[in-house]
Amino acid sequence: MIIGLLIIAIISILFTQELPSRVKEDVNMATDDSADLQSREYPEGRLGEVIRLGETLVKETSIHPMTRPLVGNRLNCTSCHLDAGRHPKAASFVGVASAYPAYSPRESAVITLEERIANCFLRSQNGSRPVIGGQVSVAIAAYITWMSRRTPIEMNPIAPLGPNHLDMLDVEAFEPDIVQGETLYVDRCTDCHLADGSGSEDGPPVWGDHSFNDGAGLSKVAKMASWLKVAMPPDDTDLTDREAIDLAAYINSHPRPKFYPNNKTGPLNPSR
C-alpha cells in the first residue's frame, strides 16, 4: 500500500515538472498555426504552381496574358484587395473561401467561390467572366483557398461574407458633403489618383473609363466609404467616418462605365 502511494507520488511530481514545457510547446504550436499563415511556402507540385499563378493573376490582372482579354479597365484584383488580399481589413482574402458556397442577394442564388470571382471580373474589372473551371478562375480560387486554410467553414445564409469582411459604416448617420469630399480628395488623393481620377503608377483610376463600373460594390457610397476607412491612405489610415463618407460621395459622383450583365464570357477589346 505504502509502496503504491510512493509510486503515484513520484509519477505526479514528474508529470508536474514536465507540464510547463508541454504547455509552452502547445502555446508555440498554436501561435505558429495562427500567425501569418498566408506567408508560408506554397505546397509542392502542380497545386503549388496553380496557387502561385493565382497570386500572379491577382497582382497583374490587367496586364497578364491570361487575364488581360477579360479586363475592360486598368485595375488589378489587388487594387481593391490590398497586398494581394493579405491586408487584414481592406477586402481581405484571408478566410474568404470558408464562406462558400454562399447565398448572394445580388445574384439571388447560391454561388461558388469561382462564380464570385467571375462576377468580380464582370463588375469591378468592367470585363467579362472567365470560364468556370478554366485556368483563370481555378488559379485565383486556389490562391484564395490557400489564404483561407485552417479557417473554420462558416457558410453564411445571408450574404457571401468571410470572417474578415468589411465593417460597414453607418452612412445614414451623416449627410454626405460632396464639396468637403472634393477638398479631401484634392488634399489627400490627387498625388496618386490625379485630379481627374484617372490614376497613375502609384494609384489606380477611381472613376472614368478605366475604373470599375457602376455595378461594382465600390460604386456604392456605403461600401466605398467603409473601404476607404480601413484602406486609405495606405499604412496610415486616419480618415474619420465622416471624412470617409464625404470622400466616397465625391468619388462616386463622377461618371464611370455602365454595368452590362449580359457580358458573360469572351474577350473584350478595351481601349487603353
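At what angle do helix 8 and helix 9 pack, and how far apart are their axes? In this predicted model, in which residues are numbered from 1 along each chain as its sequence is written, local features need pLDDT of at least 70, side-chain atom pairs count only at pLDDT 80 or more, and totals for chains, interfaces and linings use all residues. Side-chain values use heavy atoms, with hydrogens and water left out.

Helix 8 (residues 221-231) and helix 9 (residues 241-251) pack at an angle of about 125 degrees, and their axes lie 8 Å apart. Axes are lines fitted to C-alpha atoms, for helices over the stretch in contact, and angles run from 0 to 180 degrees between N-to-C directions. Helix 8 and helix 9 are therefore oblique to each other; angles under 35 degrees count as roughly parallel, over 145 as roughly antiparallel, 65 to 115 as roughly perpendicular and the rest as oblique. Helix 8 contributes Val221, Met224, Ala225, Leu228 and Lys229 to the contact, and helix 9 contributes Asp241, Ala244, Ile245, Leu247, Ala248, Ala249 and Ile251. Contact here means heavy atoms within 4.5 Å.

Residues of this pair recur in the largest nonpolar core, which holds 29 residues; Tyr185, Met224, Trp227, Leu228, Leu247 and Ile251 touch the most other members. A nonpolar core is a set of buried Ala, Val, Leu, Ile, Met, Phe, Trp, Tyr and Cys residues joined through side-chain atoms within 4.5 Å, where buried means under 20% relative accessible area, exposed over 50% and partly exposed in between (1.4 Å probe, protein chains only). At least two residues of this core come from each of helix 6 (178-188), helix 8 and helix 9. Another core, of 28 residues, lies apart from it and includes Leu57, Phe93, Tyr100 and Ala141.

A second helix pair is formed by helix 2 (residues 45-59) and helix 5 (residues 135-147), which pack at an angle of about 100 degrees with axes 7 Å apart. Helix 2 is thus roughly perpendicular to helix 5. Their contact involves Val50, Ile51, Leu53, Gly54, Glu55, Leu57 and Val58 of helix 2, together with Val136, Val138, Ala139, Ile140, Ala142, Tyr143 and Trp146 of helix 5.

Overall, the protein has nine helices and two strands. Helices (H or I, at least four residues) and strands (E, at least two) are DSSP runs, numbered from the N terminus. Of the 272 residues in the protein, 42% are buried.
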